[in-house]
Structures are given as structure tokens and as C-alpha cells.
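This report describes the architecture of a single protein chain and then follows a few of its residues in detail. Please read it alongside the sequence and the coordinates.

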Amino acid sequence: MMAGFGALAFVIYLIGVAIVTVPFWFILKRAGFSPYLALLNLILGLGTLIVMAILAFSRWPAGESGRTSTVQDLMRQVQGGR
């Protein structure tokens with residue numbers, strides 16, 4: 001019975017890791033980082049914090065992708081499109 005519980009706990013762990021890792025994979029890829037950094041989520045708890053720290057405190061290789069905020073667009077229109 002304990003072996004069955006251990007197997008069920010492992011399957012639940014894998015599902016949880018997949019739910020967290022897949023979105024991080026796409027975020028890291030879009031930001032210009034190696035998507036393999038998302039595999040740090042396999043380290044229970046600490047891996048997610050490491051990935052979030054990388055995203056929060058490093059310069060993104062892909063930059064800001066040329067998007068401007070709505071406030072900046074509005075200011076350009078007010079200033080005559082400069």
C-alpha cells in the first residue's frame with residue numbers, strides 16, 4: 001500500500017512540475033533566454049525561485065521587443081508624432 005502511495009505522490013509531483021515548467025519554458029524562450037532554464041523547476045521549491053530571480057534581475061537578451069506602452073503612444077500623438 002505504501003508503494004502505491006509513493007507512486008501516486010510521484011505522479012502528482014510530475015504533474016505539478018509540468019504545470020509550472022511549461023509556461024516558464026515559453027516565457028524564457030520569448031525573453032531570449034535558454035528555455036532549458038525552465039528545467040530548474042525540477043528542484044522542488046527552490047528551482048522556481050531561481051528562475052523567477054533570473055527573469056526579474058537580469059537584462060533580457062531579447063530586449064523590450066520594440067513595444068511601447070499606451071502612455072508612450074499617447075504622448076507621441078500629443079507631441080505630433082515625434
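## Helices, loop and buried residues

Leucine 39 is found in the loop between α1 and α2, in what is a predicted model. At 42% relative accessibility leucine 39 counts as partly exposed, because that value lies between the 20% limit for buried residues and the 50% limit for exposed ones. Leucine 39 and valine 17 are separated by 22 residues in sequence, and their C-alpha atoms lie 9.0 Å apart in space.

The loop residue asparagine 41, also placed between α1 and α2, is buried, with a relative accessible area of 4%. Its side chain reaches the backbone oxygen of alanine 38 at 2.9 Å. Not counting residues up to four places away in sequence, asparagine 41 touches Val17, Val20, Thr21, Phe24, Gly47, Thr48 and Val51.

One of these contacts, threonine 21, belongs to helix α1, which covers residues 2–31. Threonine 21 is buried because its relative accessible area of 11% falls under the 20% limit. The side chain of threonine 21 reaches the backbone oxygen of valine 17 at 2.7 Å, and, leaving aside residues up to four places away in sequence, threonine 21 touches Ala38, Leu39 and Asn41.

The table below sets out the accessibility of the residues discussed here.

| Residue | Relative accessible area | Class |
|---|---|---|
| Threonine 21 | 11% | buried |
| Leucine 39 | 42% | partly exposed |
| Asparagine 41 | 4% | buried |
| Methionine 52 | 39% | partly exposed |

Helix α1 can also be considered as a whole. At 1.5 Å a residue, its 30 residues should span 44 Å, and since its end C-alpha atoms are 43 Å apart, the expected and computed values agree. The buried residues of α1 are Val17, Thr21, Phe24, Leu28 and Ala31. An α-helix has 3.6 residues a turn, so residues three or four places apart point the same way. The buried residues of α1 pack against α2, which comprises residues 46–57. After α1 comes glycine 32, whose phi is positive, near 100°.

Within helix α2 lies methionine 52, which is partly exposed because its relative accessible area of 39% falls between the limits of 20% and 50%. Methionine 52 and phenylalanine 24 are 28 residues apart in sequence, while the distance between them in space is 9.0 Å, C-alpha to C-alpha. Methionine 52 also takes part in a nonpolar patch on the surface, which it forms with Ile43, Leu46, Leu49 and Ile50, and the patch has about 440 Å² of accessible area together.

At the level of the whole chain, there are three helices and zero strands, and from the N terminus on the elements run α-α-α. Of the 82 residues in the protein chain, 15% are buried. The protein chain exposes about 6600 Å², and carbon and sulfur atoms supply 72% of that area. Among contacts between residues at least 6 apart in sequence, 44% join residues at least 24 apart.

How values were computed: Residues numbered from 1 in each chain as written. Predicted model: local features only at pLDDT ≥ 70, side-chain atom pairs only at ≥ 80, totals over all residues. Heavy atoms only, no water. Helix = DSSP H or I, 4+ residues; strand = E, 2+ residues; numbered from the N terminus. Buried < 20%, exposed > 50% of the residue type's maximum accessible area, 1.4 Å probe, protein only. Polar contact = N/O pair within 3.5 Å; in protein donor to acceptor, adjacent residues only side chain to side chain. Contact = heavy atoms within 4.5 Å. Expected span 1.5 Å × (residues − 1). Areas by Shrake-Rupley, 256 points an atom, 1.4 Å probe, with all protein chains shown as cover. Patch = residues over 30% accessible without salt bridge, like charges linked within 9 Å, V, L, I, M, F, W, Y side chains within 5 Å. Salt bridge = Lys/Arg side-chain N within 4 Å of Asp/Glu carboxyl O.
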